[in-house]
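Me: I am new to this structure and should like to understand the reasoning behind the terms used for it. May I put some questions to you?
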Protein chains: 2
Amino acid sequence: MSPRPISQGLAATLGLRQMIIDGELVAGDRLSELALVQRLGVSRTPLRLSLAQLEHEGLLESLPAGGFAVRAFSIQQVADAIDLRGVLEGSAARLAALRHGGLPDLAELVGLAAQIDRLLLPDRAGVDDFGLYVELNERFHNELFRLACSDPLSDAYQRALALPFAAPSAFIAVQTDLSGSWYETVALAQQQHRELLEAIELRDGARAELVAREHASLARSNLDDALRAEHALDKLPGGTLIRLGGDAAEAAGVG
Amino acid sequence: MSPRPISQGLAATLGLRQMIIDGELVAGDRLSELALVQRLGVSRTPLRLSLAQLEHEGLLESLPAGGFAVRAFSIQQVADAIDLRGVLEGSAARLAALRHGGLPDLAELVGLAAQIDRLLLPDRAGVDDFGLYVELNERFHNELFRLACSDPLSDAYQRALALPFAAPSAFIAVQTDLSGSWYETVALAQQQHRELLEAIELRDGARAELVAREHASLARSNLDDALRAEHALDKLPGGTLIRLGGDAAEAAGVG
DNA sequence: TCAGCTTAGGTTGCATGCAACCTCCGGTCA
DNA sequence: TGACCGGAGGTTGCATGCAACCTAAGCTGA
């Protein structure tokens with residue numbers, strides 16, 4: 001998917017984003033450009049461009065004195081980010097119901113739902129399908145926005161997904177770790193997918209919006225489950241960005 | 001507004017954004033860094049940072065061959081951007097209804113509505129209050145998001161407002177030009193403000209959301225009015241970014 | 001006349017040097 | 001003992017030079 005050779009700036013952005021998501025960079029820490037230059041093997045000019053981009057994505061925050069720090073998120077912000085995704089997906093579902101071009105236009109969405117169904121057949125329940133489900137699920141959600149035909153809405157969605165814990169499949173790994181199996185969580189989510197599909201087919205925009213919001217609220221309850229367990233957030237993408245409790249200085253890595 | 005001395009990068013961003021909104025740069029035109037360097041009086045390094053920022057804001061698009069061009073928007077995209085604002089404001093209204101901390105917390109919102117009311121008294125109807133209304137209206141809308149207490153939602157709203165024609169007061173100037181007076185448009189909008197306020201006071205989140213969406217749809221109908229008139233879009237902030245007519249391929253360039 | 005090649009010009013992306021700034025530590029004085 | 005001050009080190013923000021790239025014009029040949 002990269003027609004051009006990977007530029008230095010793109011390499012810096014990808015590497016930096018991965019370092020943040022993987023927790024290599026601790027939330028609250030100030031970033032040193034020179035250290036990152038050595039770590040990423042790029043010059044300061046493209047690196048600074050990448051830093052600015054990640055600030056726009058919301059993963060970094062610029063400091064008043066200059067430079068950047070890894071952003072820390074409160075539980076409330078994580079929950080609100082998931083809610084925002086639900087609002088955007090709800091709006092996409094409503095528009096998809098109103099704007100889709102008939103059954104042929106829905107073929108891709110139907111096909112994705114069918115593929116997920118097959119993953120959930122009893123004889124196919126294996127951990128090998130984990131990554132496949134994540135991919136199919138994200139493609140399902142993206143297809144929703146393609147059907148909505150609203151570029152501003154799609155842009156807002158992409159920006160909301162820049163926070164890794166707000167992604168549609170962010171909590172699958174957590175739930176798998178908590179309950180030992182991802183079947184129950186996914187089965188419920190898939191049932192909502194089917195309801196969503198039905199509402200869109202029937203051009204019932206209001207119901208499609210409601211179902212999509214309910215679908216996202218499933219992630220919120222998964223978040224609550226994870227908070228009741230110890231260290232469950234470690235399995236969450238970008239979980240190290242979440243600052244538990246009140247003390248911000250603690251999360252800033254004083255020790 | 002600027003506690004620190006204006007940095008070169010900030011000066012470039014502000015100047016560039018103004019040039020785009022004022023129509024000095026025509027939609028679709030490729031930008032020459034060297035020409036902008038001379039025009040803005042900054043070096044290429046901060047200028048390139050500003051170009052990247054305006055791309056993130058959605059005013060520019062990066063070209064496959066390198067460099068940037070002023071983005072062109074179709075009517076559909078403008079309408080969808082307004083719809084998106086309605087969705088975000090609706091969500092803010094719903095959250096504000098659920099989360100506000102009682103009447104003292106609503107004092108600012110109530111006060112702004114009262115100030116707008118005074119602007120609409122018969123003896124005060126003068127063109128001098130035009131700019132004041134725009135300011136009060138934007139503060140009213142911003143206050144909605146403060147009451148919602150959702151940082152991700154506020155971020156999404158700010159990003160949506162980066163498109164100048166999506167701003168809450170974008171069409172006031174257009175309506176004034178079309179009907180000769182801004183009283184009718186503003187009076188209807190203010191009535192919706194009052195309904196919104198009432199729903200929030202009563203913690204009726206669902207109604208608050210509906211009213212807020214209806215409020216934004218007023219801007220959409222204003223857009224329709226403007227499209228029926230000739231050159232009415234010239235009065236719209238960033239109106240030169242809108243590509244009228246058939247040429248959809250030009251405006252379709254969206255990442 | 002038109003397609004294809006060549007070359008010159010201009011542009012972007014990147015690397016690096018420099019000056020101003022902030023931070024932090026040690027010393028000094030009340 | 002505690003607060004204030006000064007300097008050294010490190011960092012950021014900015015300016016500019018260089019090489020690769022894209023674009024476009026002009027020439028050649030069929």
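Me: What makes the contact between the side chains of A:Arg146 and A:Asp105 a salt bridge?
Reply: This is a predicted model, and in it a nitrogen of A:Arg146 lies 3.2 Å from an oxygen of A:Asp105. The term requires a side-chain nitrogen of Lys or Arg within 4 Å of a carboxyl oxygen of Asp or Glu, so the pair qualifies. The two residues belong to separate helices of chain A: A:Arg146 lies in α6 (residues 130-148) and A:Asp105 in α5 (residues 103-119), so the salt bridge ties together parts that are 41 residues apart in sequence. In total, the structure holds 38 salt bridges over all chains.

Me: Are A:Arg146 and A:Asp105 buried, exposed or partly exposed, and how do you know that?
Reply: Buried means under 20% relative accessible area and exposed means over 50%, with partly exposed in between. A:Arg146 has a relative accessibility of 42%, so it counts as partly exposed. A:Asp105, with a relative accessible area of 25%, is also partly exposed.

Me: Why is the pairing of A:Arg207 with A:Glu198 called a salt bridge?
Reply: The N to O distance between the side chains of A:Arg207 and A:Glu198 is 3.8 Å. That value is within 4 Å, so the name applies. A:Arg207 is partly exposed at 29%, and A:Glu198 is partly exposed at 40%.

Me: What do B:Lys235 and B:Asp177 tie together?
Reply: Their side chains meet in a salt bridge, at 3.9 Å from N to O. B:Lys235 lies in the loop between α10 (205-228) and α11 (248-251) of chain B, and B:Asp177 lies in helix α8 (residues 172-179) of chain B, so the pair ties together parts that are 58 residues apart in sequence. The relative accessible area of B:Lys235 is 44%, which makes this residue partly exposed. B:Asp177 is partly exposed as well, at 43%.

Me: Which residues are joined into one network, and what makes it a network?
Reply: The residues are A:Arg94, A:Glu209, A:Arg213, B:Arg94, B:Glu209 and B:Arg213. They form one network through salt bridges that share partners.

Me: How do you know that chains A and B are related by a two-fold axis?
Reply: A turn of 180° with a shift of 0.0 Å along the axis lays chain B on chain A, with an RMSD of 0.0 Å. That is the relation of a two-fold axis. The same surface serves both copies, as 93% of the contact residues of chain B recur in chain A.

Me: Which residues come nearest to DNA strand D, and what makes a residue count as near?
Reply: A residue counts as near a strand if one of its heavy atoms lies within 4 Å of it. There are 17 residues around DNA strand D, of which A:Arg44, A:Arg48, B:Gln8, B:Ser43 and B:Thr45 come nearest. Sugar and phosphate make up 54% of the atoms of DNA strand D that come within 4 Å of the protein. By residue class, this surface divides into 4 nonpolar, 8 polar and 5 charged.

Me: What makes the approach of A:Arg44 to DNA strand D a polar contact?
Reply: A polar side-chain atom of A:Arg44 lies 2.9 Å from a base nitrogen of DNA strand D. A polar contact is a pair of N or O atoms within 3.5 Å, so this pair meets the cut-off. Phosphate oxygens of DNA strand D are also approached by the backbone: A:Glu33 at 3.2 Å and A:Gly67 at 3.4 Å.

Me: Which helix supplies the largest share of the surface near DNA strand D?
Reply: The largest share, 3 residues, comes from α3(B).

Me: Which residues are closest to DNA strand C, and which polar contacts are found there?
Reply: Of the 17 residues that surround DNA strand C, the closest are A:Gln8, A:Ser43, A:Thr45, B:Arg44 and B:Arg48. A polar side-chain atom of B:Arg44 lies 2.9 Å from a base nitrogen of DNA strand C. Backbone atoms of A:Ser43 and B:Leu31 each lie 3.1 Å from a phosphate oxygen of DNA strand C. The largest share of the surface near DNA strand C, 3 residues, comes from α3(A).

Technical notes:
Residues are numbered from 1 along each chain as its sequence is written. Chains are lettered from A and ligands numbered from 1 in the order in which they are written. This is a predicted model: local features need pLDDT of at least 70, side-chain atom pairs count only at pLDDT 80 or more; totals for chains, interfaces and linings use all residues. Side-chain values use heavy atoms; hydrogens and water are left out. Helices (H or I, at least four residues) and strands (E, at least two) are DSSP runs, numbered from the N terminus. Buried means under 20% relative accessible area, exposed over 50%, partly exposed in between (1.4 Å probe, protein chains only). Copies are superposed by least squares on the C-alpha atoms of residues with pLDDT of at least 70 in both. Contact means heavy atoms within 4.5 Å. A polar contact is a pair of N or O atoms within 3.5 Å; within protein, one must be able to donate a hydrogen and the other to accept it, and residues adjacent in sequence count only if both atoms are side-chain atoms. Ala, Val, Leu, Ile, Met, Phe, Trp, Tyr, Cys and Pro count as nonpolar, Asp, Glu, Lys and Arg as charged, and the others, Gly among them, as polar.
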